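Work through the exercises below with the model open beside you. Try each task before you read its solution.

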Amino acid sequence: MKSMRNLALAALATLVFSLAPARSDAARPEQADSFAVTHVRVFDGLRVISDATVVVRNGRIHAVGRHLDVPPNLPEIDGSGKTLMPGIIDSHGHARERRLLERAVQFGITTIMDMQSVNPFATQMYDEQRRDEAHDRADFFSAIYPATVKEGYPYNFTPEVETPTLDSPEEADEFVRQRIAEGSHHIKIFLEDGELFGLATPLPVLSRETVRALVRAAHRRGRLAVAHATVQRFGQQAVEDGVDALVHIFPDTPVTDSLLRLAWERGIFLVGTLAITESFITTAGGEALVADPELSPYLTPEEITYLLTPRPVNTLTLENLQILKDNVGRFHAAGITILTGSDTQFHGPTVHRDVELLVQSGLTPRQALIGATSAAARAFRLGDRGRIAPGLRADLLLVEGDPTVNIKAIRALRKIWKGGVEVARPLSPTVK
């Protein structure tokens with residue numbers, strides 16, 4: 001049994017492993033990233049505007065509203081019966097290859113808040129975003145190397161991976177300084193001892209004094225400190241110790257009133273990651289994604305295999321899934337911002353399932369969409385995206401129907417633009 005539990009935790013570690021860009025004003029024909037969408041329902045990241053027009057010029061939102069005049073010679077797209085919304089922000093992703101970011105944008109994920117990656121990959125992605133805005137892939141903002149102890153999670157399963165760790169509060173300031181110097185957008189802190197997966201011998205974790213020192217060091221340098229905590233005990237400690245966010249919602253026990261009050265008082269935000277937790281319990285969510293006619297033609301064999309393959313044996317049950325959803329509902333009812341996150345390298349299909357589960361947990365479709373767009377941009381301090389408003393990036397999705405009423409409508413993608421440039425969306429090689 002111990003070996004199976006170790007295998008389960010190792011599988012989670014594998015999933016975990018799987019700077020704001022400056023606008024480039026290099027000369028391009030205006031038509032390449034300039035157009036207007038007319039007669040369209042607009043979800044602007046907060047509210048809905050019916051029968052509206054959105055004008056995009058040079059990759060930026062130029063105007064939004066009803067009864068607008070479209071500039072002459074600008075291509076027009078009829079949005080009748082459709083909704084134009086901001087690109088989705090995955091608030092807990094994992095990417096170590098460019099192709100994963102390219103796949104993400106093909107499912108409408110235009111920005112990924114990465115929670116663990118490597119250099120020089122991260123540096124290369126940042127350079128591309130500054131140079132040419134990376135029109136064919138999702139933007140990438142990463143924690144790069146998270147904070148954990150030697151022999152702690154997840155490196156206990158990957159001893160061949162040499163990454164920076166720390167063991168004392170005295171090391172925290174230098175640890176954070178080095179992470180920021182190499183490009184970390186935010187500082188991620190691991191608080192994981194294997195309890196959720198029934199590990200017989202707990203893994204070592206950072207001391208609370210070290211966590212507090214990391215948070216202080218991050219805040220002194222203007223960075224967010226976010227915590228990986230999959231059980232409530234560590235989530236409570238992380239909030240008490242000053243983190244800005246929990247990037248998982250725990251499924252072990254119902255959230256206490258005291259933690260809800262503290263989280264609200266501290267103004268933290270949470271990232272759901274419901275879909276990835278669901279996948280450790282049942283493949284039902286993956287099966288539904290594969291069967292969805294709006295998604296299935298675009299899924300690769302690799303993605304289908306991932307979605308349909310049961311995870312290794314672990315202690316999670318359907319009861320834990322219900323606790324997870326109930327906890328999301330209670331955090332939301334307490335006024336705490338809930339964001340969506342895939343926690344996997346298969347960002348696109350997983351995020352589409354995650355927002356569906358958020359709605360099942362008590363958010364309205366519009367609230368789930370706010371968490372996937374404007375609230376995520378605000379939480380991670382990305383002032384140039386997440387809304388459809390003049391001056392912001394034209395990271396846009398045109399979907400059939402009204403996702404503010406039916407959340408699954410975001411799967412019915414008809415057009416995707418990244419920085420005003422339309423994204424090609426190839427069919428899977430299995431589609432004839």
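**Exercise 1. Place one residue.**
Task: Is Thr340 buried or exposed? Then find its position, its polar partner and its contacts.

Solution. Thr340 has a relative accessible area of 0%, so it is buried. Buried means under 20% relative accessible area, exposed over 50%, and partly exposed in between, with a 1.4 Å probe and protein chains only. The model is predicted: local features need pLDDT of at least 70, side-chain atom pairs count only at pLDDT 80 or more, and totals for chains, interfaces and linings use all residues. Residues are numbered from 1 along each chain as its sequence is written, and side-chain values use heavy atoms, with hydrogens and water left out.

Next, the position. Thr340 sits in the loop between β13 (337–339) and α12 (347–360). Helices (H or I, at least four residues) and strands (E, at least two) are DSSP runs, numbered from the N terminus.

Then the partner. The side chains of Thr340 and Asp354 make a polar contact of 2.7 Å. Such a contact is a pair of N or O atoms within 3.5 Å; within protein, one must be able to donate a hydrogen and the other to accept it, and residues adjacent in sequence count only if both atoms are side-chain atoms.

Last, the contacts, meaning heavy atoms within 4.5 Å. Not counting residues up to four places away in sequence, Thr340 touches residues including Ile89, Asp90, Ser91 and His92. Val351, Asp354, Val355 and Leu358 are also among the residues that Thr340 touches.

**Exercise 2. Trace the partners of β1.**
Task: Which strands do bridges join to β1, and in which sense, parallel or antiparallel?

Solution. Take β2 first. Strands β1 (residues 35–43) and β2 (residues 48–57) run antiparallel and share six bridges. Two strands pair if DSSP finds at least two bridges between them. Phe35 stands opposite Val56 in β2. The two strands form a hairpin with four residues between them, and Gly45 in the turn has a positive phi of about 110°.

Now β4 (residues 76–78). It runs parallel to β1, with three bridges. Val37 has Ile77 as its bridge partner in β4.

Then β5 (residues 82–86). Two bridges pair it with β1 in the parallel sense. Here Val42 stands opposite Leu84.

Check the burial. Seven of the nine residues of β1 are buried, so the strand is largely enclosed by the rest of the structure.

**Exercise 3. Build the three-stranded sheet.**
Task: What is the strand order of the open sheet of three strands? Add its edges, bridges and helices.

Solution. The order is β6-β7-β8, with parallel pairing. β6 (88–93) and β8 (139–142) are the edges; each has a single partner strand, so one side of each is left without a neighbour in the sheet. The twist averages 20° from one strand to the next. Axes here are lines fitted to C-alpha atoms, for helices over the stretch in contact, and angles run from 0 to 180 degrees between N-to-C directions.

Go to the bridges. β6 and β7 share four bridges, with Gly93 partnered by Asp114. The chain crosses from β6 through α2 to β7, a right-handed β-α-β crossover. Right-handed means that, with the strands pointing away from the viewer, the path from the first strand over the helix to the second runs clockwise. Strand β7 (residues 109–114) and β8 also pair over four bridges. Ile112 has Phe140 as its partner, and Met113 stands opposite Phe141.

Add the helices. α2 (residues 98–105) lies across β7 and β8, at about 135° to β7. α12 lies across β6 and β7, at about 100° to β6. β7 is mostly covered, with six of its six residues buried.

**Exercise 4. Locate the cores.**
Task: Which residues touch the most other members of the largest nonpolar core?

Solution. They are Ile189, Leu214, Phe331 and Phe380, in a core of 110 residues. A nonpolar core is a set of buried Ala, Val, Leu, Ile, Met, Phe, Trp, Tyr and Cys residues joined through side-chain atoms within 4.5 Å. Helix α5 (residues 208–220) gives the most to this core, with six residues. Apart from it lies another core, of 16 residues, including Val40, Val42, Leu398 and Trp417.
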